[in-house]
Amino acid sequence: PRLPDNQVQLSARMVAYGDGQFLLTVRDVTRLHRLESMRRDFVANVSHELRTPLTVITGYVETLVDDDSLDPVVHRTLESMEFQAERMRRIIDDLLTLSHLETRDDGVAEQTAVPVPALIGAIEEDAHMLVTERDLTIRVEADAGLWLRGARNELHSAFSNLVTNAIRYTLDGGTITLRWYADDQGAHFQVEDTGIGIPPDHIPRLTERFYRVESDRSRARGGTGLGLAIVKHVLQRHDACLRIESVPDQGSTFTCDFGQARVLRKVAPVASDN
Ligand code: ADP
């Protein structure tokens, strides 16, 4: 949230030395806070402003590309322009999603009841065409009565980013497993793939904006480099965290851990005779 002009932001840290002594450090982070909110506004404004001209360009290109009488070289050039414009649209959309997530006032997601099993079903259905084309198998193991308190659109965006990544970084013929289950810690959404995996030293940096292990593969498969940054923000707003386990050339598992406070149990209505 934006800091009013007449307020300052302080950051305090206390260290206990065990012998009854404490060290308290207080830092004035007002300037940092203001710069950070200027950066967020700037990114949001630029993304918003770029959208309109891009829509116009895409419209012209789409009209031209449909013309059958075009020289093949011109046609290929237009198709490439269409592809790049679509890539740019995805980056702008992801940047806007990220800045919306960052600028929500209280930083905490709403608490509506979200039917996660239905959400997973919808995500699986959206992926159906891609999965069939690439001979991938998607398995779903979901606890039907397990729901979450949260923001449906945000959770959809986070979960579908993880599924899209699993598809993107798994070779043809591989398997992706989606799990939704509860234990005594809380509820967990897990995406496991048999894909290319991630070298261990890259794992801590994956949720940074535009961080990619292999830029070429990510770009060629339609990645923006912003997906996991979106996942991280959505989870933070749901007091949840992301766990990443991976073995190069064997596969990866991304798990979203939600605490008990967000878990909801829905019992299916029992049919009665009267
Ligand atoms: P991108 O749009 O490039 O996929 P993300 O933020 O979603 O961006 O992911 C960041 C990087 O993490 C990717 O570029 C890729 O290198 C790596 N990555 C993400 N998911 C997977 C996965 N399931 N398997 C292997 N690598 C992955």
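## Around the ligand

Let's start with the ligand, which is surrounded by 21 residues. The closest of these are N165, Y169, S218, T224 and G225. Everything here comes from a predicted model.

Two of those closest residues, S218 and G225, also make polar contacts worth a look. A polar side-chain atom of S218 sits 2.5 Å from an oxygen atom of the ligand. From G225, a backbone N or O atom lies 2.8 Å from an oxygen atom of the ligand. D193 joins in through its side chain, where an N or O atom is 2.9 Å from a nitrogen atom of the ligand. Taken alone, the ligand exposes 530 Å², and the protein buries 98% of that.

## Helix α6

Now let's move to helix α6, which spans residues 227-237. Of its 11 residues, 9 are buried, so the helix is largely enclosed by the rest of the structure. Those buried residues are G227, L228, A229, I230, V231, H233, V234, L235 and R237.

What covers them? The cover for the buried residues of α6 includes two helices, α2 (72-103) and α4 (152-168), along with the strands β8 (241-247) and β9 (251-259). After α6 comes D239, which has a positive phi, near 50°.

## Confidence in the model

The predictor's own scores complete the tour. For the protein, the mean pLDDT is 92, with 96% of residues at 70 or more. The complex receives an ipTM of 0.99 and a pTM of 0.88. As you explore, keep in mind that predicted coordinates should not be read in detail where pLDDT is low.

Definitions and conventions
Residues are numbered from 1 along each chain as its sequence is written. This is a predicted model: local features need pLDDT of at least 70, side-chain atom pairs count only at pLDDT 80 or more; totals for chains, interfaces and linings use all residues. Side-chain values use heavy atoms; hydrogens and water are left out. Buried means under 20% relative accessible area, exposed over 50%, partly exposed in between (1.4 Å probe, protein chains only). Helices (H or I, at least four residues) and strands (E, at least two) are DSSP runs, numbered from the N terminus. Contact means heavy atoms within 4.5 Å. pLDDT is the predictor's confidence in each residue, from 0 to 100. A residue is near a molecule or strand if one of its heavy atoms lies within 4 Å of it. A polar contact is a pair of N or O atoms within 3.5 Å; within protein, one must be able to donate a hydrogen and the other to accept it, and residues adjacent in sequence count only if both atoms are side-chain atoms. Accessible areas come from the Shrake-Rupley method with a 1.4 Å probe; for residues, only the protein chains shown count as cover.
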